[in-house]
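Biologist: Could you take a close look at one helix for me, and at the way another helix packs against it?

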Amino acid sequence: MKIIIVGDGKVGMTLTEYLAREGYDIVVIDQNHKVVDHVVNTYDVMGICGNGANYNILMEAGAEHADLLIAATSSDEVNILSCLMAKKIGTQNTIARVRNPEHAQQLVFIREELGLSMVVNPELEAAREISRILRFPSAIKLDCFSKGRVDLAEIRLPENGHLAGQRLSDLYKICKEKILICAVQRGDQVIIPDGNFELAAGDRIHITGSHGALASFFKSVGIFKQKSKHVLIVGGGKIAYYLAQQLVDIGVDVKIIEQNENRCLELSEALPRATIICGDGTDQSTLLEEGLATSDACVVLTGIDEENIIVSLYAQTLGLSKVITKIDRISFVDMVESVGIESFVSPKFITANRIVRYVRAMQDSGESSVKTLYKIVNNQAEALEFSVHEKMQHLHIPLKDLKTKKGILFAAIIRHGRVIIPGGDDCLEPKDSVIVIAAADDCIKNLEDIFL
């Protein structure tokens, strides 16, 4: 499959890394020759220096024979124009990154009327992820499948907790809810566990189940936290706007601290139900004066990773129930986790995951292609959702009798809206949705790919 990526900034570089690793034929277009040289020397891709909305540049990149063009420059208008030009030249599918809040209400119109295959907004997607965590703060991270019927939650096991030393096969004795621990990160090791696996303090575990089942389980093991009701946001950028909009709609008290006076005026007009404070969100006295110590949660969203980390560490020393940090630089991720900041979001990774899911589904457009995809355990494993179609060869066979690739785990089955945490005697049936955990290197594109 031939893919053209226009704009090799944060999102473009992440996409280049992911898609090059999966073996696609990639051409990168960027106006900065240093960026082009770097990406060509780092990955097995071609590079062109120029304007990705220019006809001649697109022709040079092979747009007339391309399967997909992804426009991820810093300009929404250039991204849309690049997609339209590529479509006219002959590119089969186009994806545009559109970030401006003024366009947020028009994303469906832009996609349908302009003939784009997909429109993605990194800041809006990041805000949705943060909102999910704030509504269920017991989790470090929370991903949703099957329109919210199944949650995939990540938690770290505390010292002297109820779960440390427990075998997975004994969890039902602690809590009668149907949940499944489907992946464990222990140090640098990633484990897809079986029933004999024994948990240890410090493990980062990924659990699937319905929202209610997970809440009951967390209560049983003593790590449940109430939904955040008073949230302080540091930084008033696009993510803060989208997040505040979502939170006030569900009755959360939101306060935003932003240093730029003009931006504060914009936010005050756009978010009349939120409190906007003009001040330095990295200043200790300002944070305390605006009620950081009495907030349920703090979300740090400035444009500087180092500031986000420092403010988050300070918020944690005050004992806040939840602290969430925006991180853009991948080199900071391990450092952030090592100092105890567990919940963080990266818009570029969220966007890249959505686009990778689309690419895989496009490559295999069968009935059981990828519906949902999340990269978990530091991108070393994937949680994938598929539909089960009636022509599949592996129907009505107990899961324990199916021969699958090494490291494959069935995490959940959704049947007629009911969530089933599968055991060995459960079977796949037509019209089921099934969630599978697999190693990222397996590059699963279709449900059939998991079987031997």
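Modeller: Happy to! Let's start with the span of helix α15: at 1.5 Å a residue, its 17 residues should cover 24 Å (the expected span is 1.5 Å times one less than the number of residues), and the end C-alpha atoms are indeed 24 Å apart, in agreement. A word on the source: this is a predicted model, where local features need pLDDT of at least 70, side-chain atom pairs count only at pLDDT 80 or more, and totals for chains, interfaces and linings use all residues. Residues are numbered from 1 along each chain as its sequence is written, and side-chain values use heavy atoms, with hydrogens and water left out.

Helices here are DSSP runs (H or I, at least four residues), numbered from the N terminus. Of the 17 residues of α15, 14 are buried (under 20% relative accessible area, 1.4 Å probe, protein chains only), so the rest of the structure largely encloses this helix.

Now for its partner. Helix α1 (residues 10-21) and helix α15 (residues 347-363) have axes, which are lines fitted to C-alpha atoms over the stretch in contact, that come within 9 Å and cross at roughly 45 degrees. That angle makes α1 oblique to α15, and their crossing is right-handed. On the α1 side, the contact (heavy atoms within 4.5 Å) is made by Lys-10, Val-11, Thr-14, Leu-15, Tyr-18 and Leu-19. From α15 come Lys-348, Phe-349, Thr-351, Ala-352, Asn-353, Ile-355, Val-356 and Val-359. Sorted by class, the contact of α1 with α15 has nine nonpolar, three polar and two charged residues.

Definitions and conventions: Axes are lines fitted to C-alpha atoms, for helices over the stretch in contact, and angles run from 0 to 180 degrees between N-to-C directions. Helices (H or I, at least four residues) and strands (E, at least two) are DSSP runs, numbered from the N terminus. Angles under 35 degrees count as roughly parallel, over 145 as roughly antiparallel, 65 to 115 as roughly perpendicular and the rest as oblique. A crossing is left-handed if the near helix is turned anticlockwise from the far one by less than a right angle, and right-handed if clockwise. Ala, Val, Leu, Ile, Met, Phe, Trp, Tyr, Cys and Pro count as nonpolar, Asp, Glu, Lys and Arg as charged, and the others, Gly among them, as polar. Buried means under 20% relative accessible area, exposed over 50%, partly exposed in between (1.4 Å probe, protein chains only).
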